[in-house]
Structure formats: structure tokens, C-alpha cells
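The following paragraphs explain how one protein chain is arranged and where its annotated positions lie. Please keep the sequence and the model in view while reading.

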Amino acid sequence: MKGVFSALLCSFDDKGNVNEKGLREIVRYNLDECGVDGLYVNGSTGENFLISTEQKKEIFQVVKDEVGDEAQLIGQIGSLNIDESVELGHYVKELGYDAMSAVTPYYYKFNFDEVKNYYSTLVNQVEFPLVVYSIPALTGVNMSLEQFGELFKLEHVIGVKFTAPDFFLLERLRHAYPDQLIYSGFDEMLLSASVLGIDGAIGSTFNVNGKMAKEILTDAQAGNINEARSKQKQTNDLIAEVLDNGLYQTLKQILKVKGVQAGECRKPMNALSPEGKERAEQIVNKYLV
Ligand code: SI3
């Protein structure tokens, strides 16, 4: 369960349906061209919070069918509807995923007891390894070192996807919980997180730039910091342009340039303008040939 995991994009048609062929092509591109160690399915990048339970199941099933045992799979099953989370947890367990993950409950201002109860319900009912998904910038849920520790004490909790720029907290977590898996969630901070001893990374840009991410992680782990810095710099030039042009739309357009049917984003995300599409092509020519 270590290494570089793409937060998998999903291909949708212009009506918002899952495009199975396109999804399989995205999976293949990640495995064959990017060489990632695993896939994080139905996360933010998979537009999970914009789709139905049935679509989530369809995506989990198609991805497992395409991947088989070629790579590790983590299924993001977190939802504000705890019954849906439990149902999806059972679903990925039965499909043969390696672990489930769940975003911290958001929108309502849940206190920590409520957050902890959410996770203990999931692990007690599903009895399957769980990675906590912490992304405070989107959820508004910030947890302290001690609160992470409370979650790590729960049976079946195996780690955290830490998507935050708080490197003080990350260092404290690494030091305090050496046996938990820590995945970094910000691709632009991969090197800095690697130096602190993370076990892996989960990110959206790895769908197109996974090879470079793997090199950054392995260079950093081997102590080749200058090499890793230069690769992180190239990566961040790419990421800055992708963010400026529209994150998921641009990643999909890059894949289309590469011949992958990456499809559209779900509404209310906008499609790229003709200029945005042209810029995505320029990004490919500049960084991804
Ligand atoms: O669940 C997921 O799809 C992720 O792993 C998301 C991941 O943390 C990405 N964050 C978001 C909000 O998409 C990052 O990979 C992010 O796109 C990247 O670092 C660029 O800022």
C-alpha cells in the first residue's frame, strides 16, 4: 500500500453518464504510461460528490474489472450519508479492493466526537482497512495531532491521506505514528512531504504526470535531493499552468490529446473554452512529450 496512487479521473459523456470505455482507457493510461502503483477511486478528482450511488458502484466495478491484480486499489466511499458510506464500503470490500477511504464528514460543523463516531461506525460495520481522507481546505475540518491519534487507535484504520500544507503537523504525525500509512495529497508539495517520510502520495496530476511523481518520491527517499528538486520544479511549472486553466478539465483535455477518451466533467463544472483546449495542447507540448 505504498507508493504513488493516481486520484483517478472519470470519463463522463455530455449527459453526465459514466463512459465505460473512456474510464477503462483512463485506467490503462495510468497503469501503462504513468506506471503508478495504485489508484484512488471516486475521490475529489473522480467528481465523487457530483454523482449518484449507482454511478459510484459502476465506477468501482469497472475499475476493478480493468485493473484486476495489476495495481493496488483504494475506494473512496466517504459521504455525508453514512448509510451510503457503509453500503459502498461493503461494495468495495466484496469487489476485492485493497482498502477503503473516507473523507471527513463536512458541510455541517461536526464536532470531533461526531467525526470519530462516523469513522468507528464505518470500520465496525464494514471491517475493512480504512484510510482517513483529510482535506481541510475543502471540508473545513481541521484535526489536531491528538485527534488523528484517536482515529488511528480505531481497529482497521491504517492511515491518512493528508491533503494540507501544514508541514509541522505532518512531521509530528510521522514521528508520533510510525506504523500508520501517510499519503501526501498535494502534488506540488510532494518533495517536501517525501523528505518528512511519507509512505506514498495520492494526487490528481499523476493521471498525466505519474512517472515524474514516482521519480520525485524515489529520489527523495534515496536522498537525491537536488535531482528531486529539479523534478519538482518542472512538475510545479506544469501544475501551475493546469490550475490556471481549470484543474480537472485540463487534465482530461491533456488525456484527450494523448488519445484517451477522457470525456467531460459533470455539471456544474464548465467545459473548457476553445482557448482552454488550445492551452492544454500547449501544456502537453511543453511538459509532456
Ligand atoms: O481525492 C482526490 O481526488 C485527491 O486525491 C485530490 C488530490 O488531493 C488533489 N486535490 C484536489 C482538490 O483535487 C491534488 O492532487 C491537487 O489536485 C493537486 O495537488 C493540484 O493542486
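Is Thr-45 buried or exposed? In this predicted model, Thr-45 has 23 other C-beta atoms within 10 Å. A residue counts as buried once 20 or more such atoms lie within that distance, and therefore Thr-45 is classed as buried. To see what surrounds this residue, it helps to begin with the fold.

The framework is a barrel closed by 8 strands, which follow one another in the order S1-S2-S3-S4-S5-S6-S7-S8 with parallel pairing. From one strand to the next, the twist averages 25 degrees. In general terms, the strands of a sheet pair through backbone hydrogen bonds, in either a parallel or an antiparallel manner. One pairing in this barrel may serve as an example: strand S6, residues 157-162, runs parallel to strand S7, residues 181-184, and 4 bridges join them. Within this pair, Val-160 stands opposite Ile-182 of S7. Helix H9, formed by residues 206-221, packs on the sheet and touches both strand S1 (3-7) and strand S8 (200-203). The direction of H9 makes about 165 degrees with that of S1.

With the barrel in place, the annotated positions can be located. An unreviewed UniProt entry lists Tyr-133 and Lys-161 under "active site". These two positions are spread over 29 residues of sequence, yet they cluster in space, with a largest C-alpha distance of 4.8 Å. Tyr-133 belongs to strand S5, residues 130-134, while Lys-161 belongs to strand S6. Tyr-133 counts as buried because 24 C-beta neighbours lie inside 10 Å. Lys-161 is likewise buried, with 27 other C-beta atoms within 10 Å. Apart from residues up to four places away in sequence, Tyr-133 touches Gln-76, Gly-78, Ser-101, Ala-102, Val-103, Thr-104 and Lys-161. Leaving aside its own neighbours within four places in sequence, Lys-161 has contacts that include Ser-101, Tyr-133, Tyr-183 and Ile-202.

The last of these contacts leads to a further annotation. Under "binding site", the unreviewed UniProt entry lists Thr-45 and Ile-202. Although 158 residues of sequence are spanned, the two positions cluster in space, and their largest C-alpha distance is 10.5 Å. Ile-202 is part of strand S8, whereas Thr-45 lies in the loop between strand S2 (38-41) and helix H2 (53-67). Ile-202 counts as buried because it has 29 C-beta neighbours inside 10 Å. When neighbours within four places in sequence are set aside, Ile-202 is in contact with Phe-5, Ala-7, Tyr-40, Lys-161, Tyr-183 and Gly-185. On the same basis, the contacts of Thr-45 are Ala-7, Leu-8, Leu-9, Ser-204 and Tyr-248. Ala-7 thus appears among the contacts of Thr-45 and among those of Ile-202.

A final feature concerns the packing of two helices. Such a pair is described by the angle between the helix axes and the distance between those axes. Helix H10, residues 225-245, and helix H12, residues 274-287, pack at an angle of about 175 degrees, and their axes are 10 Å apart. Angles over 145 degrees count as roughly antiparallel, so H10 is roughly antiparallel to H12. On the H10 side, the contact is made by Gln-234, Asp-237, Leu-238, Glu-241, Val-242 and Asn-245. H12 contributes Gly-276, Arg-279, Ala-280, Ile-283 and Tyr-287. The residues of this contact divide into 5 nonpolar, 3 polar and 3 charged.

Terms used
Residues are numbered from 1 along each chain as its sequence is written. This is a predicted model: local features need pLDDT of at least 70, side-chain atom pairs count only at pLDDT 80 or more; totals for chains, interfaces and linings use all residues. Two strands pair if DSSP finds at least two bridges between them. Helices (H or I, at least four residues) and strands (E, at least two) are DSSP runs, numbered from the N terminus. Axes are lines fitted to C-alpha atoms, for helices over the stretch in contact, and angles run from 0 to 180 degrees between N-to-C directions. Two residues are in contact if their C-beta atoms, placed from the backbone, lie within 7 Å. UniProt positions are given in the numbering used here, feature names are shortened, and annotations may be inferred rather than shown by experiment. A residue is buried if 20 or more other C-beta atoms lie within 10 Å of its own, exposed if 12 or fewer, and partly exposed in between; C-beta atoms are placed from the backbone. Angles under 35 degrees count as roughly parallel, over 145 as roughly antiparallel, 65 to 115 as roughly perpendicular and the rest as oblique. Ala, Val, Leu, Ile, Met, Phe, Trp, Tyr, Cys and Pro count as nonpolar, Asp, Glu, Lys and Arg as charged, and the others, Gly among them, as polar.
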